[in-house]
Amino acid sequence: GIDSLLDEFHLSLIPDQSLSDKDFITATEEKHLKQTILSTKGLTERQAKYRPLIMDRNACIINLVVNYGLSLQELVSLNMSHMQFARNTLIAPGEDGVTRSVFFTDKDTQQLYKYYTTIPEPVRPRQHTDNPLFVAFDFNRGTYRWVYENDAPKTLSEVAIQKMIRLEVKRADLNRRISAQQMRNTFILRLIKQGINEDELVSRMGFKTKISLKRYFRYLQQVPLKHVQNNTTD
């Protein structure tokens, strides 16, 4: 009847959301990427000179996406009041004002703090303020950017983060395009494989509804069992 026609019509409006292997990154790719970020491989002399100043920033950004599943929108909206170094915690502002707590390992907190203290004191984001956590770097002047009108550091933009990821992926010779979305997908898949229930997943990821999870479960049903570790019971 008319209902099923309408259903089909609505379904056709939704782009094909099914996931395939290329929508994720492998453990090898992840390892290569993380190693490359902390190296000066393939950089010009001038880039290599400034690399120690931005190395930890870039590594932290990749970490937050791969290890904690943050989205680009979340990364650019993070400010110093969200970061609690002493408690290894980040309060991420999600969509619709829904916040979620992200708990770091000691190692990841230390790396974030290292990045933070690498920024020269005069242009460093001030703790417990709305200064951005991730700050733009000015290669021409060899320092982090400060916006005088706002009396605050310049936020690293979404476009700049995408470009940074693209360049680091290229430098790691991964021979394909990898975006933040693929890293975030990989994180979500890991949580599902750990057996975390849907409600918990929705709140962990800052999703609005469970519908967002559907394609991940569907992908797991399709992949051969070798992908699904420790999943002996149905």
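Two strands pair if DSSP finds at least two bridges between them. Helices (H or I, at least four residues) and strands (E, at least two) are DSSP runs, numbered from the N terminus. The model is predicted: local features need pLDDT of at least 70, side-chain atom pairs count only at pLDDT 80 or more, and totals for chains, interfaces and linings use all residues. Residues are numbered from 1 along each chain as its sequence is written, and side-chain values use heavy atoms, with hydrogens and water left out.

**Exercise 1. Build the sheet.**

Task: Find the strand order of the open sheet and its edge strands.

Solution:
- Step 1. Take strand β1 (residues 83-84) and strand β2 (residues 89-93). They are antiparallel and share two bridges. Gln84 has Thr89 of β2 as its bridge partner.
- Step 2. Look at the hairpin of β1 and β2. Four residues lie between the strands, and Asn88 has a positive phi near 55°.
- Step 3. Add strand β3 (residues 99-103). It runs antiparallel to β2, with five bridges joining the two. Ala92 is bridged to Arg100 of β3, and Ile91 stands opposite Ser101.
- Step 4. Read off the order: β1-β2-β3, an open sheet of three strands with antiparallel pairing. The edges are β1 and β3, since each pairs on one side only.

**Exercise 2. Classify three helix pairs.**

Task: Which angle and axis distance describe the packing of α2 and α3? Treat α3 with α7 and α7 with α8 likewise.

Solution:
- Step 1. Fix the terms. Axes are lines fitted to C-alpha atoms, for helices over the stretch in contact; angles run from 0 to 180 degrees between N-to-C directions. Angles under 35 degrees count as roughly parallel, over 145 as roughly antiparallel, 65 to 115 as roughly perpendicular and the rest as oblique. Contact means heavy atoms within 4.5 Å.
- Step 2. Helix α2 (residues 27-37) packs on helix α3 (residues 45-66) at about 155°, with the axes 9 Å apart. The two are therefore roughly antiparallel. From α2, Glu30, Leu33, Lys34 and Ile37 take part; their partners in α3 include Arg51, Met55 and Ile62.
- Step 3. For α3 and α7, the angle is about 45° and the axes are 7 Å apart. That makes α3 oblique to α7. Ile62, Val65 and Val66 of α3 touch Ala180, Met183, Arg184, Phe187 and Arg190 of α7.
- Step 4. Helix α7 (residues 180-193) and helix α8 (residues 198-205) cross at roughly 150°, their axes coming within 11 Å. So α7 and α8 are roughly antiparallel. Among the contact residues are Phe187 and Leu191 of α7, and Leu201 and Met205 of α8.

**Exercise 3. Judge the confidence.**

Task: Over which residues does pLDDT stay under 50?

Solution:
- Step 1. Recall that pLDDT is the predictor's confidence in each residue, from 0 to 100.
- Step 2. Start with the whole chain. The average is 88, and 87% of the residues score at least 70.
- Step 3. Locate the stretch: residues 228-234 stay under 50, and the model gives them two contacts beyond four places in sequence.
- Step 4. Draw the rule. Where pLDDT is low, the predicted coordinates should not be read in detail.
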